[in-house]
Amino acid sequence: MAHYRLYAPSSVEIKVNAIEEQPASAKSQEGTQTKSDSADNQQRSASATTHWQFLAAQTNETMTANMEQSAYPTQSGIPGRCDSAITGHRVELQLLTTLKCNLKCSYCSLGVGDVLGSQQHVGYELDQLERFVSTHLAGKEIYATFYGGEPTLNLEFMTAVMRLFPLFRFQLQTNGTLLDNVPDEILGRLSNILVSVDGGEKITDRYRGRGIYRQVLRNLGHVRHLTGGTVTARVTWSDPDTSFADIDELTRTFDYVYFQFVADEKYGKDALQKRRAVLSELIARFFANNDAIYPVIPLMGIVRNKILPNRAQELYAGMTQCRASTHLVNVMPDGKIFPCPDMMYLPAMQQGDVTGNWLRPSPLQAHTDMPCGDCEALPWCRGNCMKNLYLAYVTKDERYRRNVVEPICALIRFIGEVIDSYAPGDWYAKLSPPLRRELTDCEVYEYVEVMP
Ligand code: SF4
Ligand code: SF4
């Protein structure tokens, strides 16, 4: 989830269910180039390409069928097709406890469409949430993320949800400034705390306000021994001057670091080159030894995907790993549900409603106009950010495509090439069994997007 976005799309024309003829280039494997020189990789890439085309065609068709039938998805009766609004056996129930925030980061994506601050209180009853869960999520393994605005501004709601659903796993995504107000009862139940920072002290304070970085670290120091799980830094890589040292320092303060390339026009001049240099250093550090995992989630995830591509199939049906197409359910304070927290300003993206007790499959799906089917990175990238791809290639926002999405995709391909140069399979072969498990099954993959 990229929650930082200055850029407002120039077009919000919605083509959620447009079924388009596949372009000739996507229909044929002939002429598809991959940079990989191994026959294995070529085979994997070709099969992923076919898979993408299949998904793109299938999901558009499924969406249309569901939309035509009713807002309430019904059994499709088609073998091999997901009959539920949720793909797979897990679901992340992201509960926005308020859209209020105590900080005023100017780049916050919730500022698009005036979402931020628009709903200050939860507008549905807990028994409506309970009815929604038992109707649509029965039998799933549910993990709930408290999110906002700043979720800790509504501790009462968080406590009530934790008491109502004792079997859920819980995560908190917070700016960290109010962590010292969170009661022990909540802290002890959290499997992961995602703390948003922008890099090191200088950069974080520039975006969030003077003294914020130290305040967050101080708060973490106060509560860390009370938390039940891990603490993960969530970095939106917005500033081209973010350095290797900034990110490396976070790996010493937090259990894990997740970074995501900002979905904003921040890739001009030498910004791409600077990011490449930092990425090269991070990847060199990642492969520097075999006796510990360097806890940078996007690198861990990409290496995992390259070595064991089947994991993405098992966990995300081979689809985008932010979960927005498969099993991420964002419940706004008024009860409306959207697949991506960055698109809550688009009514056509509504996926359900807690008060009305309905849920349909995510409208944010692979589309034949997206370029992933012809991309060498698809076998391990799996479509990165569906919001970005949707804005660039479905709504045809050319400026967003050129200035945001293409540079990010270039960085992703660059990461893949640098990782390949370290022979990741040989590195993995030397890991101890516990380290292999950490790389393949790290629980934090379920709480963030995996891809940058
Ligand atoms: S599509 Fe996924 S990765 Fe992109 S902003 Fe939405 S949740 Fe995040
Ligand atoms: S790098 Fe971009 S085009 Fe390639 S698979 Fe990932 S999202 Fe798709």
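These legends accompany close-up views of a predicted model.

**View 1. The whole chain, for orientation.**
The chain holds 16 helices and 10 strands. Of its 452 residues, 47% count as buried. Contacts are counted here when the two residues have a separation of 6 or more; residues 24 or more positions apart account for 74% of them.

**View 2. The shell around ligand 2.**
Twelve positions are labelled in this view: Pro371, Cys372, Cys375, Ala377, Leu378, Cys381, Gly383, Asn384, Leu389, Cys409, Ile412 and Arg413 surround ligand 2. Two elements give two or more residues each to this shell: helix 12 (378–381) and helix 14 (398–421). Helix 14 gives the most, with three residues. By class, nine residues of the shell are nonpolar, two are polar and one is charged.

**View 3. Helix 14, its length and its bend.**
Helix 14 has 24 residues, which at 1.5 Å a residue should span 34 Å. The C-alpha atoms at its ends are 33 Å apart, so the expected and actual spans agree. The helix bends by about 35° at Val405. A proline, Pro407, follows within four residues of that bend. After helix 14 comes Ala423, with a positive phi near 50°.

**View 4. The buried residues of helix 14.**
Tyr400, Val404, Val405, Ile408, Cys409, Ile412, Ile415, Gly416 and Ile419 are buried in helix 14. Val405, the site of the bend, is thus on the buried list. Cys409 and Ile412 are buried too, and both belong to the shell around ligand 2. The buried residues of helix 14 pack against one strand, strand 6 (256–261), and against several helices. Those helices are helix 9 (271–286), helix 10 (297–307), helix 12, helix 13 (386–394) and helix 15 (424–429). Helix 12 is a packing partner of helix 14, and both helices contribute to the ligand 2 shell.

**View 5. The two sides of helix 8.**
In helix 8 (residues 244–253), Asp246, Ile247 and Leu250 are buried. They cover an arc of only 90° around the axis, so they lie on the same side of helix 8. On the other side, Ala245 and Arg252 are exposed. The buried residues of helix 8 pack against helix 6 (201–208), strand 5 (230–237), strand 6 and helix 9. Strand 6 and helix 9 also pack against the buried residues of helix 14.

**View 6. Met319 and Arg323 in one loop.**
Met319 is found in the loop between helix 11 (310–316) and strand 7 (328–331). Met319 has 26 other C-beta atoms within 10 Å, so it counts as buried, the cut-off being 20 or more. Its C-alpha atom is 10.0 Å from that of Thr87, although the two residues are 232 apart in sequence. Arg323 lies in the loop between helix 11 and strand 7 as well. Arg323 is buried, with 29 other C-beta atoms within 10 Å. Its phi is positive, about 80°, although Arg323 is not a glycine. Most residues other than glycine have a negative phi.

**View 7. Val450, after helix 16.**
Val450 is placed in the segment after helix 16 (433–441). Val450 is not a glycine, yet its phi is positive, at about 70°. Around Val450 there are 29 other C-beta atoms within 10 Å, so Val450 is buried.

Note on methods
Residues are numbered from 1 along each chain as its sequence is written. Chains are lettered from A and ligands numbered from 1 in the order in which they are written. This is a predicted model: local features need pLDDT of at least 70, side-chain atom pairs count only at pLDDT 80 or more; totals for chains, interfaces and linings use all residues. A residue is near a molecule or strand if its C-beta atom, placed from the backbone, lies within 6 Å of it. Ala, Val, Leu, Ile, Met, Phe, Trp, Tyr, Cys and Pro count as nonpolar, Asp, Glu, Lys and Arg as charged, and the others, Gly among them, as polar. The expected span of a helix is 1.5 Å times one less than its number of residues. The bend at a residue is the angle between axes fitted to the seven residues ending there and the seven starting there. A residue is buried if 20 or more other C-beta atoms lie within 10 Å of its own, exposed if 12 or fewer, and partly exposed in between; C-beta atoms are placed from the backbone. Two residues are in contact if their C-beta atoms, placed from the backbone, lie within 7 Å. The arc is that of the directions from the helix axis to the C-beta atoms.
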